[in-house]
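Please study the structure shown below before attempting the exercises.

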Number of protein chains: 2
Amino acid sequence: MTSPEKIWPEKIWTAGLVVIGDEILSGRTHDKNIAQVASWLQVQGIRLAEVRVVPDVEDRIVEAVNALRAANDYLFTTGGIGPTHDDITVDAVAKALGVPVTIHPDARALLERYYADKGGLNEGRLRMARVPEGADLIPNRMSGAPGIRRGNVILMAGVPHITAGMLDALTGKLEGGAPLLSSTIGCWVAESEVAATLREVETAHANCQIGSYPFFREGRVGANFVIRSTSQTDLAGCESDLIGRLIASGNEPVTGGI
Amino acid sequence: MTSPEKIWPEKIWTAGLVVIGDEILSGRTHDKNIAQVASWLQVQGIRLAEVRVVPDVEDRIVEAVNALRAANDYLFTTGGIGPTHDDITVDAVAKALGVPVTIHPDARALLERYYADKGGLNEGRLRMARVPEGADLIPNRMSGAPGIRRGNVILMAGVPHITAGMLDALTGKLEGGAPLLSSTIGCWVAESEVAATLREVETAHANCQIGSYPFFREGRVGANFVIRSTSQTDLAGCESDLIGRLIASGNEPVTGGI
């Protein structure tokens with residue numbers, strides 16, 4: 001690790017995520033990809049800067065993709081790359097990138113093998129070989145259809161376990177910065193009692209951020225305080241300061257969180 | 001694909017949702033509010049048109065709030081209305097609306113009562129009485145702090161069961177249109193086998209949309225086809241057409257979904 005004391009001035013790599021699908025906006029399907037992509041990105045040293053959930057409408061996808069890819073180093077999408085009429089992500093992203101849609105020969109070959117004993121390719125299945133021109137494939141061990149990568153734009157499946165397989169295939173392949181580290185201190189205290197303390201500790205430790213996450217369990221209120229930093233040293237200093245002040249105010253901090 | 005504007009001639013009421021919080025973007029917390037708000041809106045006859053998840057950064061909140069409130073009839077936020085330093089939603093929304101932040105006297109009175117036997121008001125707790133000028137309160141039976149409504153902008157808690165209480169308090173109070181009805185047909189078939197059928201049925205029923213949601217369970221592939229319409233008659237016609245065509249192609253439709 002280089003210069004652990006001076007972390008924040010270095011380049012912070014960011015990603016945007018566009019979650020595509022009427023089923024999320026109708027409440028029918030509970031999204032699991034935001035949390036999964038977010039956690040995976042942390043390990044790659046890339047921060048998820050914004051998520052937009054949009055319907056299966058081409059113009060809306062184009063708008064979100066263009067806004068988030070302009071603002072971030074990477075742009076991920078989930079959903080809408082299957083075989084049916086409502087799977088329009090490839091067309092929308094190609095439009096956003098200003099390139100035509102083509103059949104990727106390797107994707108076609110993959111799908112031909114996958115469906116060889118399942119009735120062969122048909123029009124719907126062949127849709128899954130379509131990519132924005134110039135794209136590479138992301139292997140998918142769970143089903144025949146691959147994910148798609150074109151430069152810093154990455155298109156993944158909507159079904160969470162297939163998305164997971166595609167993320168796995170991308171692990172270690174994207175350039176990122178220092179991973180964001182975190183440490184959690186729990187406490188059986190109303191966050192409103194220690195709000196001033198949290199603010200003071202955060203102010204005293206410039207390379208750290210503190211989030212406060214209240215809960216109500218077993219009939220009691222409590223909160224977890226999550227300290228984040230790219231520096232292990234700064235993180236440890238902030239943690240020990242917070243623990244000391246919580247004890248001084250008569251509270252009992254729980255290292256690792258509650 | 002037919003555009004929603006073409007399908008439903010009557011006014012469609014829409015809402016945007018801004019989910020505020022570093023904890024969602026870090027993957028630490030799995031969001032539950034998108035699905036909960038989406039399902040609740042359906043019943044009110046309001047469609048969730050877009051969701052943006054943004055960090056605890058004022059400018060980012062202001063930008064998302066202004067974009068989604070301009071594009072929709074209602075704008076909801078979740079998160080960031082608690083007592084700690086990272087709770088900046090009220091300030092950001094006031095800035096977006098171009099109004100100052102004031103202490104709401106009823107909110108202050110509520111909090112004074114709630115904390116009377118818990119150490120009384122302090123600076124952090126008083127933060128929860130701050131509202132954009134001109135706002136009304138949304139009752140919250142779960143804790144002292146109320147939600148906030150100013151015109152078509154509605155600020156709710158991030159903790160899902162508190163959000164639920166605020167939605168409950170708003171039930172039936174927002175103007176909306178005809179609720180979107182849905183009907184689900186399941187089938188143990190690869191969606192790629194019936195992609196052409198789905199497209200044909202959707203085309204034949206102009207007031208209906210069909211979404212296809214594949215799954216892999218018990219070692220078999222299947223899919224649920226969700227038909228949506230504001231008309232019960234059109235929905236039933238489309239459903240019976242799809243069932244007929246699935247049977248004709250040798251598949252066994254499961255009414256209500258799998």
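Two exercises with worked solutions follow.

The model is predicted: local features need pLDDT of at least 70, side-chain atom pairs count only at pLDDT 80 or more, and totals for chains, interfaces and linings use all residues. Residues are numbered from 1 along each chain as its sequence is written, and chains are lettered from A and ligands numbered from 1 in the order in which they are written.

**Exercise 1.** Determine how the length of helix H3 of chain B compares with its expected span, and how its buried residues are arranged.

Solution. Helices (H or I, at least four residues) and strands (E, at least two) are DSSP runs, numbered from the N terminus. H3(B) covers residues 33-44, and at 1.5 Å times one less than its number of residues, its 12 residues should span 16 Å; the end C-alpha atoms are 16 Å apart, which agrees.

Next, take the buried residues (20 or more other C-beta atoms, placed from the backbone, within 10 Å of the residue's own). These are B:Asn33, B:Ile34, B:Val37, B:Ala38, B:Leu41, B:Gln42 and B:Gln44. Directions from the helix axis to their C-beta atoms define an arc; the residues fall within 165°, so they line one face of H3(B).

Finally, B:Gly45 follows the helix with a positive phi, near 75°.

**Exercise 2.** Describe the contact between the chains and the pairing of E2(A) with E2(B).

Solution. Counting residues whose C-beta atoms, placed from the backbone, lie within 7 Å, the contact takes 47 residues from chain A and 47 residues from chain B. E2(A) supplies the largest share of chain A's side, six residues.

Strands pair if DSSP finds at least two bridges between them; E2(A) and E2(B) pair in the antiparallel sense over three bridges. Within E2(B), B:Arg52 is the bridge partner of A:Arg52.

Definitions and conventions. Buried ≥ 20, exposed ≤ 12 C-beta atoms within 10 Å, placed from the backbone. Contact = placed C-beta atoms within 7 Å.
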